[in-house]
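Q: Please take a close look at a single part of this structure and describe how its residues are placed and what they touch. A connected account would be preferred to a list.

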Amino acid sequence: GELSDEQLKRKYLNYLEFTQPVVKLLQQVDEVQTFRIVSLAVEVDLLLGAKLAGVVKLELQMQTVSLINQLNVPEQLKIALLSTTKSDFAVSFIEKYLDHEDNTIRKQARDALTTINTEVAIESLILSLNHEYDYIRGDSAEILGTIRSEKAVGSLIKVLNDKVSWV
């Protein structure tokens, strides 16, 4: 028979040893079952839900990562959860925090893009090298230097001529 939501949460989503089998299962089930499993995982453990949201079939990731972005949680937790997805689809949600008024939030957003570390995330950091605020340009340059992306080299060379010397 079919597992109820409570059985699925209690027997499978509540135990670390079942994480990998659930990840494999998400590659084989339909859209409805994917959303069911990810939604239930979020109810059991936010980090598990975020991890699963990022490993579903690529064509479903926008919706599952959006589910994580729609959670009513503090901004710092939301950024951490989006980072946990390691999905390119999380980048657009994280980008809006890059010029947040709170430096802690901005730093966490940059760190989240570093964690995702895909071409899309790196491109977002490269674009922020042209930001109007010098501290955002400087922080982005520092992170791109740390992750040593060849794609960023040309942009980083241009930053050497920034009108603000410390950038």
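A: The account below follows one helix, a neighbouring helix, and then the nonpolar core. The model is a predicted one.

Helix H3 covers residues 31–44, and Arg 36 is found in it. Although arginine carries a polar side chain able to make contacts such as the one with the side chain of Gln 33, at 3.2 Å, Arg 36 counts as buried because its relative accessibility is 18%, under the 20% cut-off. Beyond residues up to four places away in sequence, Arg 36 touches Glu 2, Leu 3, Ser 4, Asp 5 and Leu 8.

Thr 34 also has its place in helix H3. With a relative accessibility of 0%, Thr 34 therefore counts as buried. Residues up to four places away in sequence again left out, its contacts are Leu 26, Val 29, Val 56, Leu 60 and Thr 64.

Leu 60 and Thr 64 lead to helix H5, where both are among the buried residues, together with Gln 61, Val 65, Ser 66, Ile 68 and Asn 69. Helix H5 comprises 12 residues, 58–69, and spans 17 Å from its first C-alpha to its last, close to the expected 16 Å. The cover over its buried residues includes H3, helix H4 (46–53), helix H6 (75–85) and helix H7 (88–95).

Ile 68 also belongs to the largest nonpolar core, which has 46 residues; Ile 68 is one of those with the most contacts inside it, as are Leu 13, Ile 37, Leu 52, Ile 94 and Leu 144. Neighbours within four places in sequence aside, Leu 144 is in contact with Ile 122, Leu 125, Ile 126, Leu 129, Ser 149, Ala 152 and Leu 156.

Key
Residues numbered from 1 in each chain as written. Predicted model: local features only at pLDDT ≥ 70, side-chain atom pairs only at ≥ 80, totals over all residues. Heavy atoms only, no water. Helix = DSSP H or I, 4+ residues; strand = E, 2+ residues; numbered from the N terminus. Buried < 20%, exposed > 50% of the residue type's maximum accessible area, 1.4 Å probe, protein only. Polar contact = N/O pair within 3.5 Å; in protein donor to acceptor, adjacent residues only side chain to side chain. Contact = heavy atoms within 4.5 Å. Core = buried A, V, L, I, M, F, W, Y, C linked by side-chain atoms within 4.5 Å. Expected span 1.5 Å × (residues − 1).
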